[in-house]
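Here are my notes on the model you asked me to look over, set out as numbered points. Please read them with the structure open beside you.

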Amino acid sequence: MTLVSGWGRFPVVDSEVLRPRSFEAVGAAVAVTGSVARGNGRAYGDAAIGAVRTIGMTGFDRVRWFDPATGRIRLEAGVLLSDLIDTFGPRGFLPFVVPGTRFVSVGGAIAADVHGKNHHGEGGFGRYVDSILLRTGAGETTEISREQNSDAFFATVGGMGLTGIILEATMRLRPVETGWIRERVISASDLDAAMRALEASESATYSVAWIDCVARGRDLGRSLIYLGEHARADELTEDADRFPIGKNPHLAVPFDLPSMTLNRLSVRAFNELYYRMGARRAGGDHVVSLYPYFFPLDSIADWNRIYGRRGFLQHQCVIPEAGARATLGEILDRVSKRGDASFLAVLKKLSHGDGLLSFPLPGYTLALDFPMKGDILNFLDEIDRLVVAASGRLYLAKDARQSRATFEAGYPALSRFNAIRRSLDPAKNIRSRLSQRLFDEV
């Protein structure tokens, strides 16, 4: 047995870890009750930890074929988005959707139906997946798509790996001229101004707001909004490479920092500096590499160690538009009074999700990190009640502790998903720590 955790490093649990080298070996591994696939381990909580056995898929990292005329590609589930970007970006193609890190596998991105800074206009990762080769818990290997086995397809997109093991996928890439982003920064003095700016910027391809989560009073929710468009070749300087190379992180957190490192004073000082520096850049357009725009934390290896040995929790909720201002304001007020939330708090607009259990719905999503200490579990239970009262829900790929009641209140398609899951896995072989906590029979 091996101690395994998600990116948040909580919980840490025992699991048998297998790294099969053939699809046949994957099938044999899944025949044991309590198995689930794991990509690159970037789900924050317990979604990619098997109840008994965890099946590592990063060894399946081959591209089967690519059509440069259409941007369609067939690839194995263990291919990382970082490799996809570095290989096909210089050829003029990028994924349509990327999350906040490029170090996630294609299989994991499908299972979580990850969303990016463009969800408000272009949807999530699953929207650009045409078909999936799935190994079910019943031992069958089957191709699923919107037209073929569509129930299984829409349960697998966003289904957190609980319909089977994703082996391969066919998806579409976006044609681009360069690997640069034309960025505009907007400074917002409070939450109302930030939400107005995001509303007014719905025509932008990419939009995201960093929120100062310790600001209080009239500054509550002050933000920096980052808008982005893919830069054309004629917008680059003559000496700029058309596609910058993705570099390995040049900074690293070499050890677990003491729990006292992130406190009210340190977070407040960082946020004040970050806001002031960002506000100086507000107004004009700037051309920046795609890497810092989409993946700001990827430049620091093992940044999760900043939160100390006990790890951290990310709370990411989405609130429907109608109740978003009041609920988000109440959440930020409570967080600012605590003073120990993250230095990277994110607010985005979302549209409809595609999968039965896809996280997005039309509204606003707020993501906050908290060190795993003190009464944080009780505090987040209180925040959950605000989310449920506003008809919102939590993101399963980031969750490590929500209650079953909170989960069931937020996902109205759960009963349909469970029925499809049972049809694909009648022996109940596919089980994760997350499914034990939220899905499976008690």
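1. Which strands does helix 6 lie across, and at about what angle does helix 6 run to strand 18? In this predicted model, helix 6 (residues 191–200) lies across strand 11 (180–188), strand 12 (206–211), strand 13 (223–230), strand 18 (345–350) and strand 19, and its direction is at about 40 degrees to that of strand 18.

2. Helix 7 (residues 264–280) should be viewed together with helix 6, since the strands that helix 7 lies across are strand 11, strand 12 and strand 13; relative to strand 13, helix 7 runs at about 45 degrees.

3. The strands just named belong to an open sheet of eight strands, in which the order is 15-11-13-12-18-19-17-20 and the pairing is antiparallel. At the edges are strand 15 (285–289) and strand 20 (393–394), each of which pairs on one side only.

4. Within this sheet, strand 17 (residues 312–320) is joined to strand 19 (residues 363–371) by nine bridges in the antiparallel sense, and Pro320 is found opposite Gly363 of strand 19.

5. Turning to helix 12 (residues 414–424), the buried residues are Leu414, Phe417, Asn418, Ile420, Arg421 and Leu424. Viewed down the helix axis, these buried residues fall within an arc of 165 degrees, and therefore line one face of helix 12.

6. Ser415, Arg422 and Ser423 are exposed, and they sit on the face of helix 12 that is turned away from its buried side. Among the elements covering the buried residues of helix 12 are helix 5 (150–156), helix 11 (404–410) and helix 13 (433–438).

How values were computed. Residues numbered from 1 in each chain as written. Predicted model: local features only at pLDDT ≥ 70, side-chain atom pairs only at ≥ 80, totals over all residues. Heavy atoms only, no water. Buried < 20%, exposed > 50% of the residue type's maximum accessible area, 1.4 Å probe, protein only. Helix = DSSP H or I, 4+ residues; strand = E, 2+ residues; numbered from the N terminus. Arc of directions from axis to C-beta. Contact = heavy atoms within 4.5 Å. Pairing = 2+ DSSP bridges. Axes fitted to C-alpha atoms, helices over the stretch in contact; angles between N-to-C directions.
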